[in-house]
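Trainee: I'd love a close look at a single part of this model. Please pick one residue, start there, and then lead me outward step by step.

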Amino acid sequence: MLNIAVKAARRSGTVLNRFSLDLERVNISRQSIRGYADEAYRVAEESAIDVISRAYPDHIISMDGNFVDLNAHKGFLWIVCPIDGLVNFAYGFPFYAVSIVLIQNGRVLQSVVYDPVRNELFTSRRGSGSFLNNRRIRVSGHIVFSDALIGDGFDYINNNDFLCKKSTIGCLSTRKIGSVTLGLAYVACGRLDGFYGNGIDRNHLAAGSILVSEAGGLITDFYGDQRWLESKEIIAATPKIFTTFKSNVNKFLVV
């Protein structure tokens with residue numbers, strides 16, 4: 001099943017690379033660029049679904065990830081997101097990814113996150129670790145939060161008050177790259193020491209969470225509970241800085 005997910009993700013990535021090249025060749029107006037990106041999303045999605053449905057015609061495939069109760073689902077459920085970072089893709093900013101998650105009986109079983117720009121393939125299967133291009137990865141070993149580089153996944157459109165507060169959490173610096181799954185994948189391989197955000201799509205959380213946990217990281221919601229899929233808020237980090245990270249988020253950001 002992991003091989004099928006990899007095949008589907010790479011197929012979608014090929015589509016995105018083709019659309020990206022066309023985007024550079026033609027002068028698409030700002031008014032029509034979103035429609036162009038939406039078309040790329042649709043074609044990439046169809047490509048991934050075709051691969052999965054041919055291999056497992058009896059499995060359920062969800063495209064939007066808006067599952068109400070994950071624990072209530074029985075059997076196999078695939079969550080396909082052909083572009084996490086749609087705005088980045090549309091404007092030629094090279095940070096976006098394909099994510100494909102397999103859920104079995106309510107539990108995330110495996111995840112594939114593919115960055116077609118860098119040809120980087122992140123994979124994880126429950127109990128088997130996380131990998132980048134078939135090389136085992138681990139979260140960073142940083143132990144001081146004030147030296148940490150943190151990924152920012154906040155929804156500032158609906159939370160303007162966070163704009164003036166985020167600098168107070170006490171880390172070295174933050175990076176908002178516009179792709180939650182890539183942000184969590186970067187935590188898994190040690191490029192970021194942590195990641196936090198709210199208002200995040202559940203399919204992005206499901207895809208990135210298993211990468212982090214299988215790479216030795218910790219994940220909770222803002223209050224330290226395992227309800228981040230329901231709340232759509234997340235704190236993920238290497239273990240040594242996690243407690244300080246969560247404490248600072250609660251001290252400065254949580255009302």
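Mentor: Happy to! Let's start at Glu46, which is partly exposed, with a relative accessible area of 42%. Keep in mind as we go that this is a predicted model.

Which residue does Glu46 meet in a salt bridge? The partner is Arg42, and the N-to-O distance between the two side chains is 2.8 Å. Look at where they sit: both are in helix 2, 4 residues apart, and that spacing is about one turn of the helix. As for the idea behind such a pair, side chains of opposite charge can pair when their charged atoms come close.

Now stay on Arg42 and look the other way along the chain. Arg42 also forms a salt bridge with Glu39, and here the closest N and O atoms are 2.5 Å apart. Why is the spacing of Arg42 and Glu39 about one helical turn? Because they are 3 residues apart in helix 2, which covers residues 33–55. Put the pieces together and you get a network of salt bridges linking Glu39, Arg42 and Glu46.

Are the other members of this network buried or exposed, or something in between? Arg42 has a relative accessible area of 35%, so it counts as partly exposed. Glu39 is partly exposed too, at 31%.

Follow helix 2 a little further and you reach another pair, Asp50 and Arg54, also in a salt bridge, with 3.0 Å between the closest N and O atoms. These residues are 4 residues apart in helix 2, again about one turn. Their surroundings are worth checking as well: Asp50 is partly exposed at 30% relative accessibility, while Arg54 is exposed at 67%. In the whole structure there are 5 salt bridges, and the pairs we have just visited are among them.

Salt bridges are one kind of side-chain link; disulfides are another to look for. How many disulfides does a search of the whole structure find? The result is 0. You can still find cysteines, though: Cys171 is buried at 15% relative accessible area, and Cys189 is buried at 18%.

From here, let's step out to a loop and then to a sheet. Gly141 lies in the loop between strand 7 (135–136) and strand 8 (149–152). Gly141 is exposed, with a relative accessible area of 64%. Its C-alpha atom is 7.9 Å from that of Gly190, although these glycines are 49 residues apart along the chain.

Strand 8 then takes us into an open sheet of 5 strands, ordered 9-8-10-12-11, with mixed pairing. At its edges are strand 9 (173–175) and strand 11 (218–220), each pairing on one side only. From one strand to the next, the twist averages 20 degrees. Strand 11 runs antiparallel to strand 12 (residues 234–237), and 3 bridges join them. For one example, find Leu218: its bridge partner in strand 12 is Ala237.

Finally, see what packs on this sheet. Helix 5 (residues 180–188) touches strand 10 (194–197) and strand 12, and its direction makes about 150 degrees with that of strand 10. Helix 8 (residues 239–252) packs on the sheet as well, touching strands 8, 10, 11 and 12, with an angle of about 150 degrees to the direction of strand 12.

How values were computed. Residues are numbered from 1 along each chain as its sequence is written. This is a predicted model: local features need pLDDT of at least 70, side-chain atom pairs count only at pLDDT 80 or more; totals for chains, interfaces and linings use all residues. Side-chain values use heavy atoms; hydrogens and water are left out. A salt bridge is a side-chain nitrogen of Lys or Arg within 4 Å of a carboxyl oxygen of Asp or Glu. Helices (H or I, at least four residues) and strands (E, at least two) are DSSP runs, numbered from the N terminus. Buried means under 20% relative accessible area, exposed over 50%, partly exposed in between (1.4 Å probe, protein chains only). A disulfide is a pair of cysteine sulfur atoms within 2.5 Å. Two strands pair if DSSP finds at least two bridges between them. Axes are lines fitted to C-alpha atoms, for helices over the stretch in contact, and angles run from 0 to 180 degrees between N-to-C directions. Contact means heavy atoms within 4.5 Å.
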